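Here are my notes on the structure you sent. They go from the whole chain down to single residues.

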Amino acid sequence: MNQTTQTTQTTLDEFITVVHDTAELAVSIAKIETSKAEAASEKKHHYLDSYIQTEQAMLLKLRGLEQKRTHLAEALGWKGLTFRQILANASPEDREKLLPSFNQLEESLKGLETSRKASEQILNVRLHELQVAIARREGGSYDDAGNVNLNSPYRSKMKDRYV
């Protein structure tokens, strides 16, 4: 194996490692999202700050992995290509090496998206509950559907503050 082939193989191995690490990190972020959702649904809001800080650190790491992946893809001649395009352009041997990591990443990202949506939905419910409590405390009211009463003094305050 000549030096160029060895360098390309090393770069490909690094690329696969970065894709694998990204998939593992996506799973970890999904776990944090699930923890946030559980804390919010159980009204254990004091845990949320810690989860959010951990998640922010993970997102920074994710950005770093993405930069490294982009750099390695460029070195392999795959600048700007999607994973499907990379597989289409890769040799059969490289495709066989890449496919498991790409599949793992795809599954991890699907899990992350599911966790993120569930967490967002629960957090929005809790936020709405807080808005209702504030409206009631300030003399406003909500109807059974959760809409601000049109004659409520709270409605005008909300409009002035947030619109």
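Contact, in these notes, means heavy atoms within 4.5 Å.

1. Contacts along the chain. Among contacts in the protein between residues at least 6 apart in sequence, those that join residues at least 24 apart make up 58%. Please bear in mind that this is a predicted model.

2. Secondary structure. The protein has five helices and zero strands. Read from the N terminus, the order of elements is α-α-α-α-α.

3. Confidence. The average pLDDT of the protein is 85, and 83% of the residues score at least 70. Helix H2 (residues 48–75) has the highest mean among the elements, 95, whereas helix H5 (residues 153–162) has the lowest, 47.

4. The C-terminal stretch. Over residues 154–163 the pLDDT stays under 50. The model nevertheless has 13 contacts beyond four places in sequence for residues 154–163. Any statement that rests on those contacts should carry the pLDDT value with it.

5. Surface and burial. Of the 163 residues in the protein, 29% count as buried. The accessible surface comes to about 10900 Å², and carbon and sulfur atoms account for 52% of that area.

6. Threonine 11. Which residues does threonine 11 contact, leaving aside its neighbours within four places in sequence? They are Leu72, Ala75 and Leu76. Threonine 11 itself belongs to helix H1, which covers residues 3–41. Its relative accessible area is 13%, and because the cut-off for buried is under 20%, threonine 11 counts as buried.

7. Glutamate 24. This residue is also part of helix H1. Is glutamate 24 buried, partly exposed or exposed? Its relative accessible area is 42%, so glutamate 24 is partly exposed, given that this class lies between the 20% and 50% limits. The C-alpha atom of glutamate 24 is separated by 7.9 Å from that of leucine 105, and the two residues are 81 residues apart along the chain.

8. Lysine 43. Where is lysine 43 found? It sits in the loop between H1 and H2. Its phi is near 55 degrees, a positive value in a residue other than glycine. Most residues other than glycine have a negative phi. Lysine 43 has a relative accessible area of 54%, and it is therefore exposed, the cut-off for that class being over 50%.

Conventions. Residues are numbered from 1 along each chain as its sequence is written. This is a predicted model: local features need pLDDT of at least 70, side-chain atom pairs count only at pLDDT 80 or more; totals for chains, interfaces and linings use all residues. Side-chain values use heavy atoms; hydrogens and water are left out. Helices (H or I, at least four residues) and strands (E, at least two) are DSSP runs, numbered from the N terminus. Buried means under 20% relative accessible area, exposed over 50%, partly exposed in between (1.4 Å probe, protein chains only). Accessible areas come from the Shrake-Rupley method with a 1.4 Å probe; for residues, only the protein chains shown count as cover. pLDDT is the predictor's confidence in each residue, from 0 to 100.
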